[in-house]
Every structure is written in C-alpha cells, then in structure tokens.
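Good morning, and thank you for making time for this item. Please take a moment with the sequence and the structure before I begin.

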Amino acid sequence: MTALRNSGFRHIEVERIAGALGAEVRGVDLGQDLPDEVIAEIRQALLDNLVIFFRDQTLTPETQLRFARRWGEIHLHPYMQGMDDYPEVLEIVKTPQDKKNFGGSWHSDQMFTAQPAMGTMLYAVEVPRAGGDTMWTNQYLAYESLSEGMRRMLDPLKAVSRGDNFSSHDGKTRKEYYADKISMKVKDPGSTQTVTTHPLVRTHPETGRRALFIGGHVHRFEDMTEGESRPLIDFLMQHSTRPEHTCRFRWRSGSLAFWDNRCTQHFAINDYPAETRIMHRITICGDTPF
C-alpha cells in the first residue's frame, strides 16, 4: 500500500503519516532564509494536516527563531524560563533524575492566555534510543464526530482555563507540582493573565472550520461550578483523544514538528526513565478565539 501524498505543491513534498492528521514535509532546509512562496506552501501543508514534521534539519536557536518569526511574534512562556541567551526558546529537558516530563498530558499550548498560541515549533536536540514520542489529536474531527444534539448543546458554552490547573497536577500550582520532579526552571508569571474564558467551540480564523477547544487547562464552564462541569469535561477529553482522532510521531535528532494549536491537542509520552531528552520549543502568538 502506497503512502498518501498531498498534491499541488511545487517546492515541497508532503506525505501524510496518519488518517486523522499529520504529515512529513520534505525538500526544504529550515536553516535557510526561505522564499515567500516556500513559506506559503508550508502554511498550506500546516492548514491541511494540522501538524507537520521535518526530518534531518540542522538548526541552532538563532536559525529556528528566524524560521519561527516568519509566522508571527514569539510568545514567551509565563511560567517557564527560556534559554539564557535566547529567552524566546524554551529548552525542554528531561534527565534520568527527573520524575516527570514537561507536557505530559493532553493540552493546547497557552489556552489560558487571552490570545492562545497560534502554533508551536519543537526541535529535537537529543532523544532517547526509544520512547519519548509525541501524540496529537484532531479537534476538528472531535467536534464533527459528535451528535447533532451534543453539538447544539456545546456551541454556546464558554470554558474557563487556568495556567496552574492541569487536571493531572492534583490542584497544585505549577511550581509546587514541578518542585522535586523536573530540572527545568519555573518562574513567576507576574501580571500575565493566566485565567481566561474562551468559546468551547472555536472557529479557525484561516480555514473557517469549527473545532473543540478543550484541553488540560480547562477546569470549568462559565456559569457552572467545577463539580457540574467535570463530567462533561471528562467526556470531551476522552472523546477528543480517541485513537482514530490521533497521530503519533517518533522523534530523531534533527526532527522538527510544527503544529496548529487552534485545532489540535498534544501529549508528550513519558516512557524513557533512564535516558535524556532535550528539545527546543518556540511558540508563536495567536489571536482571540471566536
């Protein structure tokens, strides 16, 4: 059986890796200052596939930033400290001594901010011999596969997200949760807004498609208590991450993933306890969900 390929591109080759979402992009060196027409094709590949992957790239923080800036302003993480020389780049590190990994639950980046991240670029510097994969899920499909009655009920709802309230963190602040479990540096968010209300069903500003906007940051719905909200949140999280809505990527050093946070969630798998994993992450600012 031949792999599915996207046609219509002149400068890149795009090969899908799963039925729901995800594609590898070939024929481009992200370390170069790419022409506008190549960026336009990469944008289309991203919109078509929601998450795209590039193999065998050689990127420094500086060249990764140059590529990222072609897509918009760079978002600074309000809780995690960036690299000393490149504060826009978050070095995601897990060593054999760390008990937890960063991003180890289903979520969409920065959905607790007033303007959640448009996209995220993650570059693999050092990876385990096996394990450390990342999964993504298609939030268009999650919404479209619900019954008509459920969609009607969800359409007007708004979800309240908190930066310090991943359901897997047992109600602890990020600093408390990571204190003895991770070697990355946690910082005080200061005056940055970290509790925000957004539509539960958002319209993608470029494709016009509707998607569930749910993730680990959501802790209740507007005008509902946490207890009232929890059964529906749990159902939507389980539904949106069903296997048929997902793809999984096996990292190699030099791989870069670029995903659209407006229509995906992702999950970093923590299955490499005795090895080290080092990634460089850049997040691109987004707009206000509607």
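How far is the sulfur of Cys285 from the closest cysteine sulfur? The distance is 17 Å, and the partner in question is Cys263, so the two sulfurs are too far apart for a bond. I should state at once that this is a predicted model.

Let me stay with the cysteines. A disulfide is a covalent bond between the sulfur atoms of two cysteines. Searching the whole structure for disulfides gives zero. For Cys247, too, the closest cysteine sulfur belongs to Cys263, but it lies 12 Å away, which is too far for a bond. The surroundings of the two residues can be stated as well: Cys247 is buried, at 3% relative accessibility, whereas Cys285 is partly exposed, with a relative accessible area of 30%.

I turn next to the interior. The largest nonpolar core has 30 residues, and those touching the most other members are Ile12, Val28, Leu30, Ile42, Phe54 and Phe258. Two or more residues each come from strand E3 (23–26), H1, strand E4 (51–54), H2, E7, E15 and E17. Helix H1 gives the largest share, five residues. Apart from this core lies another, of 28 residues, which includes Val51, Met80, Leu122 and Cys263.

Phe258 deserves a closer look. Setting aside neighbours within four places in sequence, Phe258 is in contact with Leu46, Leu50, Val51, Ile52, Phe54, Trp71, Met118, Gly119, Thr120, Met121 and Ile284.

Helix H2, residues 61–68, is mostly covered, with six of its eight residues buried. These are Pro61, Thr63, Gln64, Leu65, Phe67 and Ala68. Which elements cover them? They include helix H1 (36–49), together with strands E5 (74–75), E7 (119–126), E15 (256–260) and E17 (277–284).

Strand E17 also holds a charged residue, Arg281. Is Arg281 buried or exposed? Its relative accessibility is 5%, so Arg281 counts as buried. Its side chain makes a polar contact of 3.4 Å with the side chain of Asp109, and another, of 3.3 Å, with the side chain of Thr283. Not counting residues up to four places away in sequence, Arg281 touches His77, Glu88, Val89, Leu90, Ile92, Phe102, Asp109, Gln110, Thr120, Met121 and Leu122.

As a counterpart, consider Glu228, which lies in helix H6, residues 226–240. Glu228 is exposed, with a relative accessible area of 51%. Its side chain reaches the backbone nitrogen of Thr225 at 3.0 Å.

Finally, a sheet. Three strands, in the order E10-E9-E13, form an open sheet with antiparallel pairing. Why do E10 and E13 each have one side without a neighbour in the sheet? Strand E10 (195–199) and strand E13 (218–221) stand at the edges, and each has a single partner strand, so one side of each is left free of a neighbour in the sheet. From one strand to the next, the twist averages 30 degrees. Strand E9, residues 158–162, is joined to E10 by five bridges, and the two run antiparallel. Within that pairing, Val160 stands opposite Thr197 in E10.

To close, I would return to two points. The search of the whole structure finds zero disulfides, and Arg281 is buried at 5% relative accessibility, with its side chain in polar contact with that of Asp109. Thank you; I am glad to take questions.

Terms used:
Residues numbered from 1 in each chain as written. Predicted model: local features only at pLDDT ≥ 70, side-chain atom pairs only at ≥ 80, totals over all residues. Heavy atoms only, no water. Pairing = 2+ DSSP bridges. Helix = DSSP H or I, 4+ residues; strand = E, 2+ residues; numbered from the N terminus. Axes fitted to C-alpha atoms, helices over the stretch in contact; angles between N-to-C directions. Disulfide = S-S within 2.5 Å. Buried < 20%, exposed > 50% of the residue type's maximum accessible area, 1.4 Å probe, protein only. Contact = heavy atoms within 4.5 Å. Core = buried A, V, L, I, M, F, W, Y, C linked by side-chain atoms within 4.5 Å. Polar contact = N/O pair within 3.5 Å; in protein donor to acceptor, adjacent residues only side chain to side chain.
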